[in-house]
Amino acid sequence: MKKAIDSIMPSSSAGMSRIDGRLKVTGAAKYSAEYTPAGLTYGVLVGSTITKGSITSIDTKAAGQAPGVLAVITHLNAPKVPGDQPEGGKPVPPKGAFKVFYDDKIYYNGQPIALVIADTFERALFGASLVKAQYHTDKHITNLPDNRSNGFPPRGEGTYKRGTEDAWKAAPFKVEQEYIVPTVTHNPMELHAIIANWDADNKLSVWDKTQGVKGTQEDLAHLFKLPVENVQVHSQFVGGAFGSALRTWPHEVAAIIGAKVVKKPVKLVLSRADMFTSVGYRPFTWQKIAIGATADGKLTGITHEAAGQTSSYENFTEGPTGVSQNLYACPNVNTKYHLVALDIATPTWMRGPGEATGSFALESALDELSYSLKLDPVELRLRNYAEKDPESGKPFSSKFLNEAYQLGADHIGWSERKQEPASVKKDGWLVGYGMAGGMFGAYRSGATIRAKMNTDGSLLLQSAVSDIGPGTGTAMVLIASEQMGIPAEKIRFEMGDSSLPNAPTQGGSATTASVGSAVYQACADLKEKFQKLIGNGGTDKPDYAKVLKEHNLPSLEVVTETGGGNGMEKYAMNSWSVHFVKVLVNPATGVVKIDKVACVADSGHIISPKTARSQVVGGAIGGIGMALMEESIIDHRYGRYINNNFADYHVPVNADIPQIDALFVNKPDPIINPMGAKGMAEIALIGMAAAVANAVYNASGKRVRDLPITPDKVMA
Amino acid sequence: MESKKTCTGPDEGLDIKDSSRRNFLKQSTLLTAIALTPGTAIKAAADHVDEQFAAVFEKMPLKMEVNGKQQSLSVEPRSTLLDILREQLDLTGTKKGCDHGQCGACTVHVDGHRVNSCLTLGIMVNGKKITTIEGLAKGDQLHPMQEAFIKHDGFQCGYCTPGQIMSAVACIREGHANSEHEIREYMSGNICRCGAYPNIVNAIQEVKDGGMKV
């Protein structure tokens, strides 16, 4: 499968279409809220209206008497969740996941304090409006910049040093600046939803929005002290997630508790407002970067500090400073990462976790340095190109980032760019170009595939893996099609169900590498099984149906398990990206228009050009949202989100987005897996926000260091 | 005037104990029952049968044609067309993304025009023709817009897709698909978080340029 092919820039119609495309365009694809087990009831959550304190009383009488209401569940009457209880004799850990309906404590605004279950959605919603709570209110803190001094290092992480500390200070050219990435909310289009049903006292079925059915199965088995096999998790279609469905959340547990109480299936769909408080977000992060360089643009030192917010009850850590340790060859690097605990819900991983935040700061600072050096930003990066991993000294399994720079620069028309900011005007708009890059570890975990060849020549592949949108099934079918030598139409890929063979949670850009390797190996094993039937001298890709019939067999099956990352001990493995952006800035209003985008991914061999292109385009658009409009705003007087809806929380719409060109270096990685494919999801977004900010500076001379780059900041 | 109560929101001003139509209905059915046989009435109240009576009176008839099929329903006036389609008719192709008319995932056609079904009460479409994503194809023959969305990969996760396609068909019918710029403007009521916008524009342009009947 490792073909040396030239770089590609697929069109939107190039390559094989998605295997589930027909289901998605006809409305037949079923997402988790769209199943109808007999006796289905509806749950609606009531959220806390204070930010910190405790519930002193909760009046559920009116709700309980409202038409159709079957139950009102609060901390006062909820059945205990066994996994939430302290283990016999062991002390309760000081911090941990939020436990729904556990006690009277309030940790964040919008925290679920009651669940109303009724026979229809409307009746549950009305019932929920009747629940009234009284609180004892404590003083809350939700503002990171004012409370940065309370930061603390996360356990086992936080600081890094190579070479001399703060070496940048001695350099002839230097930049020292602060950058802000605000809270950004995943907001997948599908609202998080679960249908929970107790099939028996010790058997649970859920249709749940999750990026990993096996992970959810384990979590729920642990929480409700059930044998793992007694928990069934179905998640055949997932309407986007971007990280928000990587862990099990309180609303899922609430619905399961509710189903236990009413002894009927309970459907619980979060509201859009709930999506801001219930399923994580990219944490508000303050950063300070200092870079020193010689006159010819060689980096001499990077110092990178970051402080990210977390909740008061749980520590969420990511790696915003990692990018400064790894992206460039720089002899002296020191970084520091702190957490600041606030009275908010716990953040979670969001597309490019850590790196997306860190690269905004690093790649903006590098751009600032390029202007003080009067050096082209691409040239500055090439002069500090890391030929081996700067942190470990290991060789890279593959790295073609220099080719990616060239491809992107050629494609965007980088030669048109003027080094002098605010020097190009066209039709009344200022014109500017910017670029920035990203990297993300190329990971691979173990996975199992069942592959079954039938007498009609059709191949069935089964895996528990979820597909939150990238087209996992499509890529797997393409891998199997090539390995088996049969057309893709003959292959069916079953997924998204915990009863299927093991697969890792879809996250960290590792699905194709992990599950794809298992598909590849399962096909090899299946072919070997056919070879044994045929005997020596047969072709590698026989007429499978014919062989089965000749041997009077209904089918031939293998179950193949493959392991995790190969070669990690010898090689550093990463995917790389670079984004080039041309923007127009209106000098009278500060409005920024994205005019042209070229994104280049060095993510190994491209298995599925059509879906790979869409993934890169989608990541770029997510990055444009992060750059120009996305910010979840808390009114710190109340500790409450004030723009928790799609009218006030702006995401890119069609009118904001031009055609986006996705280019692929398309050179296979010889180490990571037999396909030579590396991940793509994170690098599609990482670096994009800085590329836009850098282009805005080139166009207007205005450097915006706190995202999003709204017109008021451009005009300030 | 002083006795008139105004309803300011779902959780304020509406006192179901005293003033709601529901309680009036419950009391009046109860009164009728008491006039007949007191014993039955007490039992009825205990079994929440009065509740069931009231529920029937509170509903309103709704007749509409959905995807060519006549539907005769009894719905609460507060039920949205979106929830009726999804929860009562099991037409889950129409999606709920915000429930506030802000994302377009719930777009359907009412008498041929695109409408946010989450902002449309069921009783507002009495006697009207509704087309949902499930009614766009002719049997196995996909609508050209559905074909174009597959060809140009106008989606990733697929959740906004039914709304995008219903909007896209209407966009061409309205005469708002004459340029890439115009398509982007008139498709901006449909949010796609996966970022398939350029692909969606390509799909719509192909259908428009192909001159296919939509």
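**Entry 1: a helix in chain A**

Is H14(A) mostly covered or mostly uncovered? I looked it up in the model, which is a predicted one. H14(A) turns out to be mostly covered, with 19 of its 20 residues buried. I counted a residue as buried when its relative accessible area was under 20%.

Next I checked the length of this helix, which runs over residues 609-628 of chain A. At 1.5 Å a residue, its 20 residues should span 28 Å, and the end C-alpha atoms are indeed 28 Å apart, so the two values agree.

**Entry 2: empty space**

How many cavities of 30 Å³ or more does the structure hold? I found four of them. The largest cavity has about 120 Å³ of space. I then listed what lines this largest cavity: among the residues are Gly618(A), Gly622(A) and Met626(A), along with Arg282(A), Arg351(A) and Glu630(A). Chain B is there too, through Arg193(B).

**Entry 3: a sheet of four strands**

I moved on to an open sheet in chain A, where the strand order is S20-S19-S18-S21 and the pairing is mixed. Why do S20 (491-494) and S21 (555-562) of chain A each have one side without a neighbour in the sheet? They stand at the edges and each has a single partner strand, so one side of each is left free of a neighbour. From one strand to the next, the twist averages 15 degrees.

I followed one pair more carefully. S18(A), residues 447-454, pairs with S21(A) in the antiparallel sense over eight bridges. In one of these pairings, Asn454(A) has Ser555(A) as its bridge partner in S21(A).

Two helices lie across this sheet. Helix H11(A), residues 472-484, crosses S18, S19 and S20 of chain A, at about 140 degrees to S20(A). Helix H12(A), residues 511-534, lies across S18, S19, S20 and S21 of chain A, at about 140 degrees to S21(A).

**Entry 4: a sheet of five strands**

Over in chain B, I traced an open sheet of five strands in the order S2-S1-S5-S3-S4, again with mixed pairing. S2 (69-75) and S4 (113-116) of chain B are at the edges with a single partner strand each, so each has one side lacking a neighbour in the sheet. Neighbouring strands here are turned by 40 degrees against each other on average, ignoring direction.

S1(B), residues 60-66, pairs with S2(B) in the antiparallel sense over seven bridges. I spotted Leu62(B) standing opposite Leu73(B) in S2(B). Last, I found helix H6(B), residues 161-173, lying across S3, S4 and S5 of chain B and running at about 45 degrees to S3(B).

Notes. Residues numbered from 1 in each chain as written. Chains lettered and ligands numbered in written order. Predicted model: local features only at pLDDT ≥ 70, side-chain atom pairs only at ≥ 80, totals over all residues. Heavy atoms only, no water. Pairing = 2+ DSSP bridges. Axes fitted to C-alpha atoms, helices over the stretch in contact; angles between N-to-C directions. Contact = heavy atoms within 4.5 Å. Expected span 1.5 Å × (residues − 1). Buried < 20%, exposed > 50% of the residue type's maximum accessible area, 1.4 Å probe, protein only. 1 Å grid on protein atoms, 1.4 Å probe; cavity = no way out; pocket = protein on both sides within 12 Å on 5 of 7 lines; lining within 4 Å. Points joined across faces, edges and corners; volume = space filled by probe spheres on them.
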